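Welcome, and thanks for opening the viewer. Let's take a walk through this structure together, one selection at a time.

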Amino acid sequence: MAAPAVVRVETGPHVVRRWMNGQLTESELAAILLLPCFVFLAVFAVYPIFNAFWTSLHHLRLDQPAVGFPFVGLRNFLKAFQDLDAWHAIRVTLLYTVTTVASQFVFGLGIALVINKMTTGKGFARTTALLPWTMAPILVGQMWRWLFNDQAGVINDLLRRIGLIDQQIVWLGVPSLAFFAVLVAATWSAGSYMALILLAGLQGIPEELYEASSLDGATPVQTFLWVTLPMLRGAIMVSLVLRTLGALQAFDLPFQMTSGGPGNATETFALYIYKNTFQFLDFGYGAALSVILLVLALGFAGTYYRVLAPRD
């Protein structure tokens with residue numbers, strides 16, 4: 001009868017000793033190098049998600065400490081589905097996401113195309129274009145709040161000087177104008193970040209493709225539609241996913257510019273979560289709303305991947 005195979009389990013010190021002696025395989029070295037990253041993600045990404053889901057299944061209000069932390073199942077989610085204010089915040093968030101991401105894509109693509117055609121000063125142009133993205137969103141919101149101020153704002157003053165208006169426009173006091181103002185600020189702030197991603201994609205397109213299309217008699221528009229855009233598919237997917245996830249979580253920019261007003265015209269879902277969690281102190285309901293926001297974000301990301309993922 002053959003002897004049973006012996007499985008050798010190496011201890012931590014033994015692995016470290018092999019590493020110091022250069023005896024680790026490539027896969028073992030990769031696992032060691034990636035371990036801190038996995039630990040970081042587990043602590044700061046995976047655990048908060050599970051903790052939020054667990055909290056959403058309980059009743060937790062800090063203004064009712066005597067109630068404790070009772071398990072209520074899906075009651076918080078049922079409350080969210082029946083909450084008209086929550087549905088309004090979702091509609092505002094979806095409209096904000098579609099409009100801002102679309103405008104940022106057009107704005108960023110234009111900047112990327114211009115920089116890509118430059119023969120000198122590309123490095124300076126890239127750095128300058130990225131400056132709006134490096135500014136804190138709270139600072140951006142305050143800056144554009146001053147610019148759109150109806151009494152002393154630069155925008156009203158400029159429009160009046162060139163004769164387009166004859167009286168002050170209350171930008172942040174009218175629902176549609178307030179939404180437009182936040183849209184402009186978001187496009188200015190994040191459009192440059194999208195431009196940098198698209199510029200990296202443009203610089204990776206082989207020049208031979210443009211030469212071949214020129215020899216075939218393609219017009220600039222045809223070259224853009226049938227060469228540039230298909231080759232940018234991967235960069236477009238990355239930029240749209242990142243900016244969509246950012247737009248779905250929009251909080252600081254609308255909070256600083258309008259605080260969700262006038263009324264609740266610019267109240268995004270993240271602002272509504274903040275209000276229920278930190279103003280009404282309903283942490284159980286706030287956790288349920290955050291789980292719903294996570295599901296929305298995953299749905300957008302999955303849709304982008306299925307539609308825009310590069311194919312052979």
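Start by selecting D63 and R61: their side chains make a polar contact at 3.0 Å. Keep in mind as you look that this is a predicted model. The contact between R61 and D63 is also a salt bridge, with the closest N and O atoms 3.0 Å apart.

Now zoom in on D63 itself, which sits in the loop between α2 and α3. Is D63 buried or exposed, or something in between? D63 counts as partly exposed because its relative accessibility is 41%, and the partly exposed class lies between 20% and 50%. Setting aside neighbours within four places in sequence, show what D63 is in contact with: F280 and L281. Add D282 to the view and check the C-alpha atoms, where D63 and D282 are 8.1 Å apart in space although 219 residues separate them in sequence.

**Follow the charges**

Which side chain does D282 meet in a salt bridge? Select R61 again: the N to O distance between D282 and R61 is 3.4 Å. This pair links distant parts of the chain, since D282 is in the loop between α13 and α14 while R61 is in the loop between α2 and α3, 221 residues away. Both D282 and R61 are buried. Add K79 to your selection, and you have a network of salt bridges linking R61, D63, K79 and D282.

How many salt bridges does the structure hold? There are 6. For another one, go to K275 and E267, whose closest N and O atoms are 2.9 Å apart. Colour the two by accessibility: K275 is partly exposed, at 22% relative accessible area, whereas E267 counts as buried at 8%.

**Into helix α3**

Next, select residues 75-81, which form helix α3, and pick out N76 there. N76 is buried, with a relative accessible area of 7%. What surrounds N76 beyond its neighbours within four places in sequence? Its contacts are T55, S56, H58, G284, Y285 and A288. Look closely at S56, whose backbone oxygen lies 2.8 Å from a polar atom of the N76 side chain. Then find G286: its C-alpha atom is 8.7 Å from that of N76, with their positions 210 residues apart along the chain.

**Along helix α14**

Select residues 283-308 to bring up helix α14. Its 26 residues reach 37 Å from the first C-alpha to the last, close to the expected 38 Å. Highlight some of the buried residues of α14, including G284, Y285, G286, A288, Y304 and L308. Where do the buried residues of α14 pack? They pack against α2, α3, α4 (84-117), α11 (233-248) and α13 (269-279).

**A stop in helix α8**

Move on to T187 in helix α8, residues 175-203. T187 counts as buried at 12% relative accessibility. Display the backbone oxygen of L183, which lies 2.8 Å from a polar atom of the T187 side chain. Not counting residues up to four places away in sequence, T187 touches S103, Q104 and F107.

**Last stop: the surface**

Finally, turn on the surface and select L34, L35, F38, V39, F40, L41, V43 and F44. Together these residues make a nonpolar surface patch of about 810 Å². To place the patch, look at F40, which is in helix α2, residues 26-56.

Technical notes: Residues are numbered from 1 along each chain as its sequence is written. This is a predicted model: local features need pLDDT of at least 70, side-chain atom pairs count only at pLDDT 80 or more; totals for chains, interfaces and linings use all residues. Side-chain values use heavy atoms; hydrogens and water are left out. Patches are made of residues with over 30% relative accessible area and no salt bridge: like charges are joined within 9 Å, nonpolar side chains (Val, Leu, Ile, Met, Phe, Trp, Tyr) within 5 Å. Accessible areas come from the Shrake-Rupley method with a 1.4 Å probe; for residues, only the protein chains shown count as cover. A salt bridge is a side-chain nitrogen of Lys or Arg within 4 Å of a carboxyl oxygen of Asp or Glu. Helices (H or I, at least four residues) and strands (E, at least two) are DSSP runs, numbered from the N terminus. Buried means under 20% relative accessible area, exposed over 50%, partly exposed in between (1.4 Å probe, protein chains only). Contact means heavy atoms within 4.5 Å. A polar contact is a pair of N or O atoms within 3.5 Å; within protein, one must be able to donate a hydrogen and the other to accept it, and residues adjacent in sequence count only if both atoms are side-chain atoms. The expected span of a helix is 1.5 Å times one less than its number of residues.
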